[in-house]
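Please look through the structure below with the help of the paragraphs that follow it. They take up two helices in turn and then the surroundings of the ligand.

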Amino acid sequence: MAMTVNLHSIARKIENDRRLDEADGRFLFVCRDVHGIGELADRVRRRRHGDITYYNVNRHFNYSNVCALRCRFCDFYRKRDDASAYESSIDEARQQAELARQAGATEIHIVGGLHPYLPFDYYTDMLRAIRQAYPSLHIKAFTAVEIIHLARISKRPRDLHGVLLDLIDAGLGSLPGGGAEIFDDRVHDEAFKGKVRSGQWFEVHRAAHELGLMSNATILYGHIESPEDRLQHLLMLRAAQDEANRDGLPGRFQTVIPLPFVPGRSALNHLPGPTGLDDLKMLAIGRLLLDNFDHIKAFWIMQSIGLSQLALQFGVDDIDGTVVWYDITKADGRSTTHQELSVSDLRDAIVAAGFVPVERDTLYRRVERDGARWRVESGPSLSAAPPSQVRLG
Ligand code: SF4
């Protein structure tokens with residue numbers, strides 16, 4: 001006889017450190033007791049990380065908003081002749097690295113549109129320029145969708161390993177998690193038809209893991225997907241991580257970042273986007289189902305810093321970084337793309353929520369910091385800039 005699934009049966013599994021199955025996940029998505037789900041996710045989070053909350057000092061660089069596609073949820077893309085279209089030069093990329101150096105950032109996060117004309121060399125030149133300007137800066141760059149695009153323009157569409165090796169040689173340090181959206185084919189065809197399907201998204205991450213690159217994963221929720229689509233998305237991520245672990249790959253997924261759909265001026269802006277309760281529930285379910293992912297991140301740019309504080313009690317252990325000039329989404333319809341929190345802002349927000357802030361680098365190693373000077377724990381000094389140039393709040 002099949003066991004009845006409810007929060008008590010799920011709580012028993014969690015107490016006994018047993019994996020939740022598909023039926024448990026299905027129940028969680030229809031369960032209206034958001035606080036009950038959050039309480040279970042908090043238990044798992046505290047078992048793994050205690051009261052530590054991670055953050056990093058980073059800088060986002062969106063090199064171009066020109067894109068060959070027109071995903072319906074996207075408010076970022078422009079066509080090349082649009083007045084607000086832009087393409088950054090290699091010199092501008094170098095300047096970004098210099099600004100990161102002055103601020104003592106440990107990471108630069110680089111993504112852009114699928115530019116129809118820039119050549120493959122542009123991307124390797126950009127990575128090299130950044131690495132040369134600030135060698136200790138970790139370059140986390142290019143979603144899986146961009147990697148497929150780069151493989152195509154490199155004229156080696158089937159040689160993902162070769163393309164990734166070229167990018168690694170130029171300075172690539174890890175992959176972000178974007179471009180996953182929702183893995184279901186119906187949602188793909190209705191909302192982002194031109195993008196790669198789930199199979200290719202996983203192929204890129206698998207190739208990266210085989211080469212020893214760490215990567216991350218996302219889920220874009222709150223648009224036209226169903227609860228079942230969200231569930232299957234998370235289960236596919238969990239299965240991929242199981243495979244990476246089973247095969248002893250040198251790379252793996254580090255964190256999942258559930259991203260709420262922000263309608264903005266997208267073609268889906270008749271939809272309201274998720275509520276705060278939906279955000280909290282999604283983050284908590286992510287923590288409960290993804291038992292082989294170390295971290296669950298709330299991206300404060302999209303979820304707001306206030307909700308991210310609350311999310312720390314719903315399974316989240318990471319609230320990303322200081323983030324300057326994030327161009328993809330303007331939360332609350334703000335027109336500026338300058339979105340920054342100082343280190344003390346971030347730390348204060350974490351402390352006020354009852355947690356202990358710990359700075360990490362991209363690979364989740366602890367960072368010891370003195371102004372803009374920093375080093376990873378037990379490592380050599382990696383960076384230095386005059387303290388007068390640093391904004392640490
Ligand atoms: S989501 Fe990415 S691929 Fe789709 S239109 Fe926007 S920038 Fe282009």
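**Two helices and a ligand shell**

Helix α4 (residues 90-103) has 14 residues, which at 1.5 Å a residue should span 20 Å, and its end C-alpha atoms are indeed 20 Å apart; the expected span is 1.5 Å times one less than the number of residues, and helices (H or I, at least four residues) and strands (E, at least two) are DSSP runs, numbered from the N terminus. This is a predicted model, in which local features need pLDDT of at least 70 and side-chain atom pairs count only at pLDDT 80 or more, while totals for chains, interfaces and linings use all residues. Residues are numbered from 1 along each chain as its sequence is written, and side-chain values use heavy atoms, with hydrogens and water left out.

The buried residues of α4 (under 20% relative accessible area, 1.4 Å probe, protein chains only) are Ala 93, Gln 96, Ala 97 and Ala 100. Seen down the axis of α4, these residues fall within an arc of 95°, taken from the directions from the helix axis to the C-beta atoms, so they line one face of the helix. They pack against β2 (58-61), β3 (107-110) and α5 (120-133), contact meaning heavy atoms within 4.5 Å. Just after α4, Gly 104 takes a positive phi of about 70°.

For helix α3 (residues 34-49), the buried residues include Val 34, Ile 37, Leu 40 and His 49, and the buried residues of α3 pack against partners among which are α1 (7-15) and β1 (52-56). Just after α3, Gly 50 has a positive phi of about 60°.

The ligand, finally, is surrounded by residues including Cys 67, Phe 73, Tyr 77 and Lys 195, each with a heavy atom within 4 Å of it.

Definitions and conventions:
Buried means under 20% relative accessible area, exposed over 50%, partly exposed in between (1.4 Å probe, protein chains only).
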